[in-house]
Amino acid sequence: MTKRIGILTSGGDCAGLNAVIRAVALRAHHGYGWTTIGIGRGTLGLLERPVEAVTLDPARLDSALARQGGTFLGSTNRGDPFAFPMADGSLKDRSGEMVEGLNQLRLDALIGVGGDGSLALLRRLLAPSGLPFVGIPKTIDNDVGQTERAVGYSTAVAIATEALDRLQPTGASHERVMVLEVMGRDAGHIAIAAGIAGGADVVLIPEVRWRLDRVTGHIARLRAEGRTSALVVVAEAAGQSDEAADASADAPGHGVGEWLAKRLAKATGAEARATVLGHVQRGAMPTAEDRLLASALGVRAVDVLADGKGDRMVAWWNRQVIDVPLEKVVGRSRTVDPDGTLIRTARALGICLGDAG
Ligand code: F6P
């Protein structure tokens with residue numbers, strides 16, 4: 001029987017989303033003879049009448065698409081069906097309208113590409129309808145539970161590493177402390193990975209409690225050894241784990257890099273400069289690793305539906321693609337393990353984590 005499956009990308013975009021869409025549509029067509037409908041702008045497209053959707057033509061999904069950053073379908077992180085932000089500032093339950101939009105598309109199943117927040121909302125939206133749903137994890141933050149990798153993370157780490165490669169020579173030339181603020185709303189995965197790969201001296205993440213005097217002490221030791229500059233990576237959520245309660249109350253999320261640079265300059269007397277990498281981490285041509293992951297997860301998501309399963313998320317685990325129950329994913333984000341390999345590697349390399357303990 002010819003099926004119609006829908007796909008939407010939801011939440012903050014990242015590199016590799018187009019490769020996911022392509023893999024889903026190609027697998028659906030070549031593997032099962034199914035039609036894939038791409039829904040526009042995440043859940044927002046479901047509110048339009050007619051619904052904003054397009055039939056994906058496999059002949060037009062060539063490899064150029066796998067190279068492109070962003071998502072050609074569009075996305076939103078302001079589309080909560082149950083608390084939709086209205087123009088007047090109020091929140092409205094628009095889940096009924098979205099379900100009605102889905103009904104108009106006459107789908108047999110839906111694939112949602114999102115972080116844990118988006119996947120939880122889509123799961124809740126679809127539960128009463130019984131429409132089979134499979135989630136594909138994506139987020140540069142890499143904090144989706146039950147998967148070692150989310151699409152977009154590899155590219156973000158590569159970009160943050162390259163930023164450190166570029167900051168090091170200018171910092172060394174001017175004998176400065178160079179602070180790089182990287183994304184990660186609640187987790188320090190990008191910071192710790194890029195910090196190791198890019199040769200940072202200090203990495204501050206929300207999962208490890210830190211103190212400013214430990215950081216300044218480390219920078220002073222480097223100076224005593226003859227180093228005149230330092231590289232500091234700070235995750236945007238690291239203000240949460242600053243042990244100084246008063247400072248942490250003032251700590252910004254986005255903007256923590258500037259805040260930290262000022263404090264470091266004051267405490268060390270060194271010149272400090274902050275760079276906020278921001279959305280640069282999201283908008284690139286995906287790395288080979290992200291394209292591979294996107295392709296493997298996209299194919300598996302369609303196979304899961306073909307097996308008659310739903311309420312699952314496809315995942316990367318132990319060098320394989322698997323699928324797991326969505327209920328084990330939602331509400332359980334995966335932050336950096338303070339005793340895990342990356343933290344142990346960073347410590348062994350002499351990277352200061354600012355340990356307050
Ligand atoms: O969750 C992905 C993410 O890029 C976070 O790292 C960051 O905190 C947030 O989204 C930024 O969101 P926005 O695009 O709304 O500024």
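Here are three short exercises on a predicted model, each with a worked solution.

**Exercise 1.** Work out in which order the 4 strands of the open sheet sit, and why one side of E9 and of E11 is left without a neighbour.

*Solution.* Start with the order: it reads E9-E10-E8-E11, and the pairing is parallel. Next, look at the edges. Strand E9 (202-204) and strand E11 (271-276) each have a single partner strand, so one side of each has no neighbour in the sheet. On average, neighbouring strands here are turned by 20 degrees against each other, direction ignored. Now zoom in on one pair: E9 and strand E10 (residues 230-235) are joined in the parallel sense over 3 bridges. One residue to find there is Val202, whose bridge partner in E10 is Val232.

**Exercise 2.** Find which strands helix H9 lies across.

*Solution.* Pick out residues 256-268, which make up H9. This helix lies across strand E8 (176-182), E9, E10 and E11. Then check its direction: H9 runs at about 155 degrees to E8.

**Exercise 3.** Describe the largest pocket and the second largest pocket by volume and by the classes of their lining residues.

*Solution.* Take the largest pocket to begin with: it holds about 710 Å³ of space. Its lining has 31 residues, and Gly11, Gly12, Asn77, Lys138 and Arg185 are the closest to the centre. Sorted by class, that lining has 5 nonpolar, 15 polar and 11 charged residues.

Now the second largest pocket, at about 420 Å³. Its 20 lining residues include Glu148 and His189, which are among those nearest its centre. By class you get 9 nonpolar, 5 polar and 6 charged residues. Helix H6 gives the largest share of this lining, 4 residues.

Conventions: Residues are numbered from 1 along each chain as its sequence is written. This is a predicted model: local features need pLDDT of at least 70, side-chain atom pairs count only at pLDDT 80 or more; totals for chains, interfaces and linings use all residues. Side-chain values use heavy atoms; hydrogens and water are left out. Two strands pair if DSSP finds at least two bridges between them. Helices (H or I, at least four residues) and strands (E, at least two) are DSSP runs, numbered from the N terminus. Axes are lines fitted to C-alpha atoms, for helices over the stretch in contact, and angles run from 0 to 180 degrees between N-to-C directions. Contact means heavy atoms within 4.5 Å. On a 1 Å grid over the protein atoms alone, a cavity is a set of points where a 1.4 Å probe fits but cannot get out, and a pocket is an open set with protein on both sides within 12 Å along at least five of seven lines; lining residues have an atom within 4 Å of a point. Grid points are joined across faces, edges and corners, and a volume is the space filled by probe spheres set on the points. Ala, Val, Leu, Ile, Met, Phe, Trp, Tyr, Cys and Pro count as nonpolar, Asp, Glu, Lys and Arg as charged, and the others, Gly among them, as polar.
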